Structure formats: structure tokens, C-alpha cells
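Trainee: I would like to learn how to read the packing in a model like this one. Please take me through it feature by feature.

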Amino acid sequence: MNHYESTFILNPALSEAQVNDLIKKYQSFLKDNGCKIIDIENWGLKKLAYSIQNKLSGFYALIDFEYGGDENIINIYETELKRDERVMRYLNVKLDKYATEWSVKRRSRMKKEKV
């Protein structure tokens, strides 16, 4: 199984409900295509380092998932992100074993901070 992280920035004009619906949309797309969702993080509205599409902020989200099949699904997923006008930027990364270990540590640390 390959481990992936998908981070995307959504348009700041969206409501919180629309952001959550969009995250659920991509989560269900990945699940329907055989991916195992490990974690989903909605980081909320953040200020951007530089303007994107004349906007200075955006909603950040991260989906952490595993997939063991054909990498064509990842290409289809990226095409879906490109076509959606509400997605301003995205980055999909295939993690190696060291990055996977770091991801597990980061998730456990973030859960401790929330408690």
C-alpha cells in the first residue's frame, strides 16, 4: 500500500458548510475508488503567503490516505481537483517510509494538543 497526502486550498468565499461538503466529496471519491482514508484535517481559514487568484486567504484541508492499486486513480483525482473552481491550489504527495512515520507522529501530537 502506498501512503499519500492530499492538501488543498479552497476559495475563502465558501461557507464552513460548503467547505465541509467539499472535503466529504473528495473523501467519498477516494473511498469509492478503493482508497483507505487514514485521517482528514480541516485547518480552517488561513492567510496565504502570496495572493492566489487575487485572494489573500483560503481554507486549508488535508486528506491522508493509502492506496495500493493502479496510480491512474490518483491522476483522475487530480483532474477532479483541477476542474473544481472552488479549489485554488492542491498538492498530492506520495510519502516514503520516513515521511509516513513523521505523519503518524504529527497526527498523534495534534490530537494531544486538541485535548
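Mentor: We will go through the nonpolar cores, one helix and two strand residues. This is a predicted model, where local features need pLDDT of at least 70, side-chain atom pairs count only at pLDDT 80 or more, and totals for chains, interfaces and linings use all residues. Residues are numbered from 1 along each chain as its sequence is written, and side-chain values use heavy atoms, with hydrogens and water left out.

Trainee: Which residues of the largest nonpolar core touch the most other members?

Mentor: A nonpolar core is a set of buried Ala, Val, Leu, Ile, Met, Phe, Trp, Tyr and Cys residues joined through side-chain atoms within 4.5 Å. Buried means under 20% relative accessible area, exposed over 50%, and partly exposed in between (1.4 Å probe, protein chains only). Here the largest core has 22 residues, and Phe 8, Leu 10, Tyr 26, Leu 30, Ile 63, Phe 65 and Tyr 77 touch the most other members. At least two core residues come from each of strand 1 (2–10), helix 1 (16–32), strand 3 (55–67) and helix 2 (72–83). Helix 1 gives the most, with 6 residues. Helices (H or I, at least four residues) and strands (E, at least two) are DSSP runs, numbered from the N terminus. Another core, of 5 residues, lies apart from this one and includes Ile 9, Ile 52, Tyr 60 and Met 88.

Trainee: Where do the buried residues of helix 2 lie around the axis?

Mentor: An α-helix has 3.6 residues a turn, so residues three or four places apart point the same way. In helix 2 the buried residues are Ile 73, Ile 74, Tyr 77 and Leu 81. They lie on the same side of helix 2 because they cover an arc of only 100° around the axis (taken from the directions from the helix axis to the C-beta atoms). These buried residues pack against strand 1, helix 1, strand 3 and strand 4 (87–95). The face turned away from the buried side carries the exposed residues Lys 82 and Arg 83.

Trainee: Is Glu 5 buried or exposed?

Mentor: Glu 5, in strand 1, is buried, with a relative accessible area of 13%. Its side chain makes a polar contact with the side chain of Arg 106 (3.4 Å). A polar contact is a pair of N or O atoms within 3.5 Å; within protein, one must be able to donate a hydrogen and the other to accept it, and residues adjacent in sequence count only if both atoms are side-chain atoms.

Trainee: What is the relative accessible area of Tyr 4?

Mentor: Tyr 4, also placed in strand 1, has a relative accessible area of 4% and is buried. Leaving aside neighbours within four places in sequence, Tyr 4 is in contact (heavy atoms within 4.5 Å) with residues including Ile 63, Phe 65, Ile 74 and Val 93.
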